[in-house]
There are 2 protein chains.
Amino acid sequence: LPDGEPVGIRTTSVLVENVEQVLRQYAAEVEAEMATIVEDEVADTWMRQAIGYHLGWLDADFRPLNEEVGRSGGKKLRPALAILSYRAAALGPHGRAWLADDLSRVLPFAAALELLHNYTLIHDDIQDDDRTRRGRPTLWTICGTAQAINVGNCLHAISLHCLERLANRGFDAADVARLSAALAHASVELAIGQRRDLAFENEQDVGPGVYLEMVAGKTAGLLRCASYGGALLATDGSRPGAAKSLTAFGEFGMHLGLAFQIRDDVLGIWGAEEDTGKPSGSDIRRRKKSLPIIFALQAASEEAFEQLSALYSLGGELTTSEEACVRRILGSCAAAALAQSQAEEQRERALSALGWAAGNGETLRTNPFLANLAELADFVTHRSS
Amino acid sequence: LPDGEPVGIRTTSVLVENVEQVLRQYAAEVEAEMATIVEDEVADTWMRQAIGYHLGWLDADFRPLNEEVGRSGGKKLRPALAILSYRAAALGPHGRAWLADDLSRVLPFAAALELLHNYTLIHDDIQDDDRTRRGRPTLWTICGTAQAINVGNCLHAISLHCLERLANRGFDAADVARLSAALAHASVELAIGQRRDLAFENEQDVGPGVYLEMVAGKTAGLLRCASYGGALLATDGSRPGAAKSLTAFGEFGMHLGLAFQIRDDVLGIWGAEEDTGKPSGSDIRRRKKSLPIIFALQAASEEAFEQLSALYSLGGELTTSEEACVRRILGSCAAAALAQSQAEEQRERALSALGWAAGNGETLRTNPFLANLAELADFVTHRSS
């Protein structure tokens with residue numbers, strides 16, 4: 001980012017309710033776009049149904065589920081980030097303002113992000129031997145790992161193919177090519193991040209720096225792409241400063257993604273099951289080397305360090321008393337506060353990048369979507385679910 | 001394809017040696033481009049090495065292998081098809097003739113095809129529980145299935161990302177976007193074809209039509225893309241008839257791909273181990289429902305049908321005497337000839353499409369690459385390895 005002070009963007013209150021409302025509203029539109037894409041792209045009935053099962057549209061017998069659209073399939077953070085960045089950039093100094101209210105143009109990209117994300121979830125569940133996701137049996141448990149690998153691969157390919165639709169919605173071929181490359185690049189980073197995450201399970205000396213680098217690939221790269229790509233579609237690239245603004249949107253998404261994942265790590269240990277939908281403390285019992293554990297391994301006394309690293313080098317699930325021991329050590333070195341402060345730092349960096357993305361202070365007062373993006377950064381950092 | 005008689009393209013002799021020489025020559029250039037791409041795209045050392053192992057560049061300890069470049073990594077049929085189609089189209093009536101000898105421009109696409117193909121091989125080996133490929137232990141046997149899934153995913157993403165390089169080699173953004181979409185579409189078809197192939201193992205009534213539809217997705221779609229995409233890069237799309245010619249190049253690749261796979265099925269049963277590198281008859285012992293078996297199930301006597309379908313509904317490997325029984329039934333209904341005649345038919349269709357792609361008879365006499373493409377169709381139909 002350029003030298004000098006960025007225009008400060010700070011939220012005065014944490015408007016979590018408001019941003020959750022925005023997420024819900026966009027989720028329904030994105031879900032509808034995803035359904036159209038899957039219908040158009042997948043001629044094979046079984047494949048279409050298996051995708052529908054994973055996305056929460058069908059039950060295990062492939063009959064339609066009557067749950068509220070947009071509820072069962074997660075928060076849809078990536079599409080929301082893309083849509084808000086698109087709207088914010090449209091009203092910005094390099095923006096095509098007339099696009100700000102025309103969501104139909106950005107929906108194929110928003111849907112592509114969510115489809116790509118879901119490919120990774122399907123493969124992650126196989127690799128981690130996870131049997132439950134979003135309260136339902138994971139796809140591989142109902143169709144076997146071989147076919148679940150295929151379903152993931154199909155979603156991966158669809159997510160990159162469906163950007164073709166943007167050409168029919170008035171975008172330049174050059175912008176579509178740039179966006180395709182950005183999404184494919186994020187996907188390369190994702191595969192590398194996931195390989196590192198799995199490798200960490202067997203490594204003793206993973207420090208916070210290496211850990212955050214892994215998260216940058218596995219989670220934050222796609223959020224960077226969401227924010228960059230959404231802004232790209234609404235930006236007139238020929239205006240001076242446009243390229244810098246797009247880079248700043250990308251940085252915003254990257255830091256928001258890091259804050260999101262670190263908060264996820266905190267909730268994985270201290271979150272309540274009724275909020276997160278995951279059994280409380282499951283990250284501990286499964287010996288997941290998430291950021292609080294990595295901090296504890298650094299900050300603990302010698303004795304506590306020996307205990308903790310012994311517990312985390314075992315196979316299988318930890319017992320209840322072993323879990324209690326880990327919790328005591330985490331408490332003794334304030335690992336929750338250490339991790340949360342990292343999330344806060346990433347949120348700060350995200351807001352600073354957003355100032356650069358906005359380009360000038362005037363914009364903030366006239367651009368509600370920038371305010372929504374700042375709220376989103378707050379939300380991911382402080383959420384309880 | 002349009003009405004009327006296509007310009008006939010027929011080879012007078014099967015110049016297998018010549019086309020094998022062409023394949024070898026291109027393979028070395030494609031291999032070098034692949035190495036550059038993997039080096040540039042993959043910052044993670046382990047991931048780069050695992051890709052290098054699978055591609056035959058490194059041994060299981062990730063030390064360089066001294067084998068001749070371009071030998072250990074398969075025939076590289078897809079890149080060769082792309083390069084020959086590019087060169088043939090460049091000299092054709094809609095072609096940019098000056099591109100015919102500038103292979104550097106088409107190499108990123110040729111490499112992308114081979115990288116995509118190799119992603120599918122890595123995942124296929126996991127799904128089929130195959131322990132050997134090209135005479136070496138498959139990737140998953142040396143790093144486990146979870147990480148091998150990641151390596152495949154990484155190659156999948158790289159193959160779609162590396163097309164970005166075409167923008168730096170003088171191509172229009174619109175052509176790059178069209179090519180990216182074609183490759184991603186082929187990848188969607190591939191995942192669906194692979195899902196059908198696996199599903200057929202458990203289905204009783206797979207006819208030749210359904211089987212060839214599966215092959216069209218799993219194998220022939222990428223070959224269609226290779227021929228279409230190679231030609232696209234060398235074609236001036238604004239000239240009249242260019243779009244029709246590109247479609248015909250795609251059809252050529254599709255039928256060549258069908259001929260290739262059917263010949264593969266024939267070699268899987270009647271090929272010699274010293275030619276194919278696979279244990280003779282392994283397709284029978286593994287109860288693979290390839291085209292000769294499907295024909296036999298249709299053409300066999302009632303008694304033979306009962307025997308054959310009983311043997312093919314078992315689990316595990318067939319015994320030597322069971323294999324002999326299958327061979328007797330295949331022989332009794334001339335399954336080899338039936339299957340080979342299907343390969344010949346696809347070759348005929350490929351050559352007919354090539355006539356349309358060429359556009360006029362003059363071209364053939366002045367365009368050695370069209371002759372090479374016709375030889376390639378002969379080669380895949382009649383090869384013994």
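How far is the sulfur of Cys143(A) from the closest cysteine sulfur? In this predicted model, the distance is 12 Å, to Cys154(A), which is too far for a bond. Cys143(A) is partly exposed, at 22% relative accessible area. Cys333(A) is likewise in no disulfide. Its nearest cysteine sulfur belongs to Cys325(A), 12 Å away. Cys333(A) is buried, with a relative accessibility of 13%. Over all chains, the search returned zero disulfides.

The relation between the chains was examined next. Chain B superposes on chain A after a rotation of 180° with 0.0 Å of shift along the axis, at an RMSD of 0.0 Å. This is therefore the relation of a two-fold axis. The same surface serves both copies, since 100% of the contact residues of chain B recur in chain A.

His156 provides a contact between the two chains. The side chain of His156(B) makes a polar contact with that of His156(A), at 3.1 Å. His156(B) lies in helix α6 of chain B, residues 145-161. This residue is buried, with a relative accessible area of 0%. Beyond its sequence neighbours within four places, His156(B) touches Asn153(A), His156(A) and Ala157(A) from chain A. From chain B, the contacts of His156(B) are Leu116(B), Tyr119(B) and Ser187(B). The C-alpha atom of His156(B) lies 9.7 Å from that of Ala184(B), 28 residues apart along the chain.

Salt bridges number 48 over all chains. Arg286(A) pairs with Asp130(A), with the closest N and O atoms 2.8 Å apart. Arg286(A) sits in the loop between α11 and α12, and Asp130(A) in the loop between α4 and β1, so the pair ties together parts 156 residues apart in sequence. Arg286(A) is partly exposed at 38% relative accessibility, whereas Asp130(A) is buried at 18%. A second bridge joins Asp378(A) and Arg347(A), with a closest N to O distance of 2.1 Å. Asp378(A) belongs to helix α17 and Arg347(A) to helix α15, 31 residues apart. Both residues are buried.

Another bridge lies within one helix. Glu323(B) and Arg327(B) meet at 3.2 Å, N to O. They are separated by about one helical turn because they stand four residues apart in helix α14 of chain B. Glu323(B) is buried at 10% relative accessibility, while Arg327(B) is partly exposed at 27%. Bridges with shared partners also join Asp44(A), Arg195(B), Arg196(B) and Glu213(B) into one network.

Arg263(B) has no salt bridge, although this residue is buried. The nearest side chain of opposite charge is that of Glu344(B), 6.7 Å away. A salt bridge requires a separation within 4 Å, so Glu344(B), at 6.7 Å, does not qualify. The side chain of Arg263(B) instead reaches the backbone oxygen of Arg383(B) at 2.7 Å. Arg263(B) is located in helix α9 of chain B, residues 242-270. Its contacts beyond four places in sequence include Gln340(B), Ala343(B), Val380(B) and His382(B).

Backbone geometry was also examined. Most residues other than glycine have a negative phi. Ala334(A) has a positive phi of about 55°. This residue is in the loop between α14 and α15 of chain A, and is partly exposed at 42% relative accessibility. Arg287(B) also has a positive phi, near 60°. Arg287(B) lies in the loop between α11 and α12 of chain B, and is buried at 14% relative accessibility.

Technical notes. Residues numbered from 1 in each chain as written. Chains lettered and ligands numbered in written order. Predicted model: local features only at pLDDT ≥ 70, side-chain atom pairs only at ≥ 80, totals over all residues. Heavy atoms only, no water. Helix = DSSP H or I, 4+ residues; strand = E, 2+ residues; numbered from the N terminus. Buried < 20%, exposed > 50% of the residue type's maximum accessible area, 1.4 Å probe, protein only. Lys, Arg positive; Asp, Glu negative; His and termini not counted. Polar contact = N/O pair within 3.5 Å; in protein donor to acceptor, adjacent residues only side chain to side chain. Contact = heavy atoms within 4.5 Å. Least-squares fit on C-alpha atoms with pLDDT ≥ 70 in both. Disulfide = S-S within 2.5 Å.
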